[in-house]
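The following exercises are intended for a reader who meets this structure for the first time. Each task is followed by a solution in steps.

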Amino acid sequence: MFDVLISHIQEKVDVTKEEIELLKTFFIHKTLRKKQFLFQEGDICKYLTFVSKGILKSYILDEKGNERINLFAFEGWWISDFNSFLNQEKAFLNIDAIEDSELLMISRENYDKLTLQIPIMDRYFRILYQNSLVTKDYRLVISNNFTAEEKYIQLVEKHPEITQKLSHALIASYLGLSPETVSRIRKKISKQ
């Protein structure tokens, strides 16, 4: 259950066997079925969540009730409504499972204890936050300046697993495009 998390941590920082055993005590395990919510808009996000297995999505609902996906979390990714988690305010995001998923979750209290008791974990999370900011900046530039085809190509080049694991509709929602546009782009690319 912890193998994916430990591997992810060890890619970023050096942790001892003793630290690994201690950090396991800060997490709880949760299973989500496909389409089951981790939490919904208006809830308080009580946990920072690591995906050990499966795929989750983070999204808002627009005025027509359509999902506007802002993040997919595959195996080895973290997901949260970070503002809600840090400030214990109502979440503005919904997070649910695209497929059956296994999660490791850490509460705000345990997160604080973990980073104090295992100081290298503070560095680990700082690296994650820095990478997240870079990714969000890049996504904003792409969203505002690239054509629909360029957006799709960038996504596929950066995350080739997406086209194999996700439907046209999910990809379209993430890119801010219609499913028909994504289908047309895929056909055009496959002919080239």
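The exercises below proceed from the whole protein to its sheets, its helices and two single residues.

The model is predicted, so local features need pLDDT of at least 70, side-chain atom pairs count only at pLDDT 80 or more, and totals for chains, interfaces and linings use all residues. Residues are numbered from 1 along each chain as its sequence is written, and side-chain values use heavy atoms, with hydrogens and water left out.

**Exercise 1. The whole protein**

Task: Describe the overall dimensions and composition of the protein.

Solution.
- Step 1. The protein has 9 helices and 8 strands; helices (H or I, at least four residues) and strands (E, at least two) are DSSP runs, numbered from the N terminus.
- Step 2. The C-alpha trace spans about 55 × 35 × 30 Å along its principal axes.
- Step 3. The radius of gyration is 18 Å, which agrees with the value near 16 Å for a compact globule of 192 residues. This radius is taken over C-alpha atoms, and the globule rule is 2.2 Å times the number of residues to the power 0.38.
- Step 4. Of the 192 residues, 41% count as buried; buried means under 20% relative accessible area, exposed over 50%, and partly exposed in between (1.4 Å probe, protein chains only).
- Step 5. Among contacts between residues at least 6 apart in sequence, 68% join residues at least 24 apart; contact means heavy atoms within 4.5 Å.

**Exercise 2. The sheet that contains E7**

Task: Establish the strand order of this sheet and examine the surroundings of strand E7.

Solution.
- Step 1. An open sheet is formed by 4 strands in the order E2-E7-E4-E5, with antiparallel pairing. Two strands pair if DSSP finds at least two bridges between them.
- Step 2. Strands E2 (37-39) and E5 (67-73) are the edge strands, each pairing on one side only.
- Step 3. From one strand to the next, the twist averages 30 degrees. Axes are lines fitted to C-alpha atoms, for helices over the stretch in contact, and angles run from 0 to 180 degrees between N-to-C directions.
- Step 4. E7 (residues 94-97) pairs with E2 over 2 bridges and with E4 over 4 bridges. Asp96 of E7 is the bridge partner of Phe37 and also of Lys57.
- Step 5. Both faces of E7 are covered: Asn94 and Asp96 are buried on one side, Ile95 and Ala97 on the other.

**Exercise 3. The second sheet and helix H1**

Task: Determine how helix H1 is placed on the sheet that contains E8.

Solution.
- Step 1. The strand order is E1-E8-E3-E6 in an open sheet of 4 strands with antiparallel pairing. Its edge strands are E1 (28-32) and E6.
- Step 2. E1 and E8 run antiparallel and are joined by 5 bridges; Lys30 has Leu103 in E8 as its bridge partner.
- Step 3. H1 packs on this sheet by touching E3, E6 and E8, and its direction makes about 105 degrees with that of E3.
- Step 4. The buried residues of H1 (residues 3-12) are Leu5, Ile6, His8 and Ile9. Seen down the axis of H1, they fall within an arc of 160 degrees, so they line one face of the helix. The arc is that of the directions from the helix axis to the C-beta atoms.
- Step 5. The face turned away from this buried side carries the exposed residues Asp3 and Glu11.

**Exercise 4. Helix H6**

Task: Identify the buried face of H6 and the helices against which it packs.

Solution.
- Step 1. Lys151, Tyr152 and Leu155 are buried in H6 (residues 148-158). Because their directions fall within an arc of 95 degrees, these residues line one face of the helix.
- Step 2. They pack against H5, H7 (161-165), H8 and H9.

**Exercise 5. Two loop residues**

Task: Are Ser80 and Leu177 buried or exposed, and which residues do they touch?

Solution.
- Step 1. Ser80 is in the loop between E6 (78-79) and H3 (82-87), and it counts as buried because its relative accessibility is 14%.
- Step 2. Not counting residues up to four places away in sequence, Ser80 touches residues including Phe39, Tyr47, Phe85 and Ile95.
- Step 3. Leu177 is in the loop between H8 and H9 (179-191), and its relative accessibility of 16% makes it buried as well.
- Step 4. Leaving aside neighbours within four places in sequence, Leu177 is in contact with Ala148, Ala172, Val182 and Ile185.
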